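User: I would like to go through this structure and ask how each label is earned. Please set the values against the definitions.

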Amino acid sequence: MNINDIKIISISGFDIMFDLSTFFCMMIILSVAYFIVNFLEIQKLNEYIFDRVNMELSENENK
């Protein structure tokens, strides 16, 4: 058993181990992916709001 390993469960002599360095690496990769997806969604929302504001401004100018 390594210092980075955590024993999750032991069933009849079979141990399930969890490596902390792998866990942290996976969390960083998932966090970067989550950040990218949310950034793209915020950009899409920003464009939608900009288009709506421009549409309302053009409607008010036509009146």
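User: What makes up the secondary structure of the protein chain?
Analyst: The protein chain has one helix and two strands, and from the N terminus on they run β-β-α. Helices (H or I, at least four residues) and strands (E, at least two) are DSSP runs, numbered from the N terminus. This is a predicted model, in which local features need pLDDT of at least 70 and side-chain atom pairs count only at pLDDT 80 or more, while totals for chains, interfaces and linings use all residues. Residues are numbered from 1 along each chain as its sequence is written, and side-chain values use heavy atoms, with hydrogens and water left out.

User: Why is the protein chain called more spread out than a compact globule?
Analyst: The radius of gyration is taken over C-alpha atoms, and the globule rule is 2.2 Å times the number of residues to the power 0.38. For 63 residues the rule gives 11 Å, but the protein chain has 25 Å, well over that value, so it is more spread out than a compact globule. The C-alpha trace spans about 80 × 20 × 10 Å along its principal axes. As an example of distance, Leu57 and Asn2 are 55 residues apart in sequence and 65 Å apart in space, C-alpha to C-alpha.

User: Why does Leu57 count as partly exposed?
Analyst: Buried means under 20% relative accessible area, exposed over 50%, and partly exposed in between (1.4 Å probe, protein chains only). Leu57 has 45% relative accessibility, so it counts as partly exposed. Leu57 is placed in helix α1 (residues 20-62). Of the 63 residues of the protein chain, 0% count as buried.

User: How do you know that β1 and β2 pair?
Analyst: Two strands pair if DSSP finds at least two bridges between them. β1 and β2 have six bridges, in the antiparallel sense. Among the bridge partners, Ile9 is matched with Ile16 in β2, and Lys7 with Met17 in β2. The two strands form a hairpin with two residues between them.

User: What is the phi of Ser12, and where does Ser12 lie?
Analyst: Ser12 has a positive phi of about 45° although it is not a glycine. Most residues other than glycine have a negative phi. Ser12 lies in the loop between β1 (5-11) and β2 (14-19).

User: What makes Ser12 exposed?
Analyst: The relative accessible area of Ser12 is 78%, so Ser12 falls on the exposed side of the cut-off.

User: Why is the pair of Phe18 and Phe23 called tilted?
Analyst: A search of the whole structure finds two aromatic pairs. In one of them, Phe18 and Phe23 lie 5.4 Å centre to centre, with 55° between the planes. Rings of Phe, Tyr and Trp (its six-membered ring) pair if their centres lie within 6.5 Å; planes under 30 degrees apart count as stacked, over 60 as edge-to-face and the rest as tilted. The distance is therefore within the limit, and the angle puts the pair among the tilted ones. Phe18, Phe23 and Phe24 form one aromatic cluster.

User: Are Phe18 and Phe23 buried, exposed or partly exposed, and why?
Analyst: Phe18 has a relative accessible area of 33%, so it is partly exposed. Phe23, at 32%, therefore counts as partly exposed too.
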